[in-house]
Number of protein chains: 2
Amino acid sequence: MAFALSGVMRRRARTSPGDRCPIDRTMQVVGTRSAILLMREALFGTFKFDDFVARTGLTEAVVASRLRALVVADLLVREPYQEPGQRTRHGYTLTDSGRDLMPAVLSLGQWGAKHAPGTIARQFSHADCGEPVRAVVECAAHHRLAVEEITVE
Amino acid sequence: MAFALSGVMRRRARTSPGDRCPIDRTMQVVGTRSAILLMREALFGTFKFDDFVARTGLTEAVVASRLRALVVADLLVREPYQEPGQRTRHGYTLTDSGRDLMPAVLSLGQWGAKHAPGTIARQFSHADCGEPVRAVVECAAHHRLAVEEITVE
DNA sequence: AACCTGGCTTGTGAATTGCATAGTTAGGTG
DNA sequence: CACCTAACTATGCAATTCACAAGCCAGGTT
């Protein structure tokens with residue numbers, strides 16, 4: 001059982017290249033509140049440092065530190081920009097790797113919107129056709145699947 | 001900007017019913033390593049306490065404590081069972097709420113399998129047609145979408 | 001009754017996270 | 001040059017998580 005390996009690694013060795021479990025590895029990168037909120041914002045189009053701070057409500061210290069970690073983890077890249085009469089500053093944009101987190105961020109949001117009382121969910125739609133967007137589980141033949149219809153090996 | 005509210009709540013008040021951000025709320029329930037690993041196992045069919053322990057590699061203390069929290073959070077329920085000649089024991093099964101985490105768990109796993117080196121991904125397939133299963137982002141008209149094709153309000 | 005043992009409960013310590021706060025740095029302008 | 005200030009860096013603190021280990025409890029059997 002390959003997944004048992006993840007437990008053989010103590011928590012302090014979580015960064016070991018020996019971690020085999022994909023979920024465990026994803027959580028190591030975006031499993032903190034600050035990381036997931038920042039990735040949420042990046043996926044929703046936020047670019048500037050002060051917007052990340054304002055929209056997540058995290059402190060500047062945490063935003064700076066975590067954005068740096070997300071850049072190191074290759075989820076974001078810094079891009080210089082300059083507004084007239086101001087210094088050169090840096091914004092943060094997604095890498096391909098960062099973009100690939102969209103299904104996870106969407107589905108985490110969907111779960112909270114459905115099951116956590118008092119949440120205010122954002123609305124997502126397809127720019128071209130206007131239909132609402134969400135994350136779904138399906139097979140390659142486009143069958144929409146419930147948990148019981150899935151086999152795991 | 002409704003999402004700024006989540007930051008107004010200090011971290012120590014994260015359990016406040018004032019949290020409005022769906023993702024933040026989901027992470028409060030399953031944002032720990034132990035919770036996500038246990039939910040992974042429950043979604044993949046694990047039922048017995050000692051199997052949760054063996055398959056996650058977490059300690060019994062953590063499994064017991066976290067399973068209890070997941071029951072309180074209405075993601076799992078305890079079910080008594082008894083094998084011949086043994087005591088009554090309890091297994092853990094999914095609630096509807098727990099089942100609804102499947103897209104999130106799948107997509108977190110997909111991301112790790114694709115982007116984290118050295119991971120060993122499980123294979124999921126549709127029991128009926130045998131086609132591989134995954135989490136995707138699409139609109140109600142079944143268009144498969146990239147990040148740039150989604151508008152947020 | 002005693003015994004066994006699976007599933008906890010409890011306590012300790014290390015690591016991590018994020019808040020609050022003070023301070024620093026560097027890219028501009030005047 | 002001085003000044004401004006956005007984006008950090010650094011520090012102290014509290015809370016949380018999880019590993020480790022000891023101990024407890026309760027449902028069975030004998």
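Setting aside neighbours within four places in sequence, A:T26 is in contact (heavy atoms within 4.5 Å) with A:G31 and A:L101 of its own chain and with B:L108, B:W111 and B:G112 of chain B. The model is a predicted one, in which local features need pLDDT of at least 70 and side-chain atom pairs count only at pLDDT 80 or more, while totals for chains, interfaces and linings use all residues. Residues are numbered from 1 along each chain as its sequence is written, chains are lettered from A in the order in which they are written, and side-chain values use heavy atoms, with hydrogens and water left out.

A:T26 belongs to helix α2 (residues 22-30) of chain A, where helices are DSSP runs of H or I with at least four residues and strands are runs of E with at least two, numbered from the N terminus. A:T26 has 0% relative accessibility and therefore counts as buried, a term that stands for under 20% relative accessible area, with over 50% called exposed and the range in between partly exposed (1.4 Å probe, protein chains only). Its C-alpha atom is separated by 9.9 Å from that of A:A104, although the two residues are 78 residues apart along the chain.

A:A104 also has a part in the surroundings of A:S107, a residue of helix α7 of chain A, since the side chain of A:S107 reaches the backbone oxygen of A:A104 at 3.1 Å. A:S107 is buried too, with a relative accessible area of 2%, and, neighbours within four places again left aside, A:S107 is in contact with A:A135, B:P103, B:A104 and B:S107.

These residues lead to the interface as a whole, to which chain A gives 84 residues and chain B 83 residues. Together the chains bury about 7500 Å², of which 64% is on carbon and sulfur atoms; buried area is the accessible area (1.4 Å probe) that two parts lose on being put together, summed over both. Of the area that chain A buries against chain B, A:I23, A:R33 and A:W111 supply 10%, more than any other three residues.

Between chain A and chain B there are eight salt bridges, each being a side-chain nitrogen of Lys or Arg within 4 Å of a carboxyl oxygen of Asp or Glu. In one salt bridge, B:R144 pairs with A:E138, and their closest N and O atoms are 2.7 Å apart. Helix α7 (residues 102-115) of chain A provides 13 residues, the largest share of the side of chain A that touches chain B.

Technical notes. A polar contact is a pair of N or O atoms within 3.5 Å; within protein, one must be able to donate a hydrogen and the other to accept it, and residues adjacent in sequence count only if both atoms are side-chain atoms.
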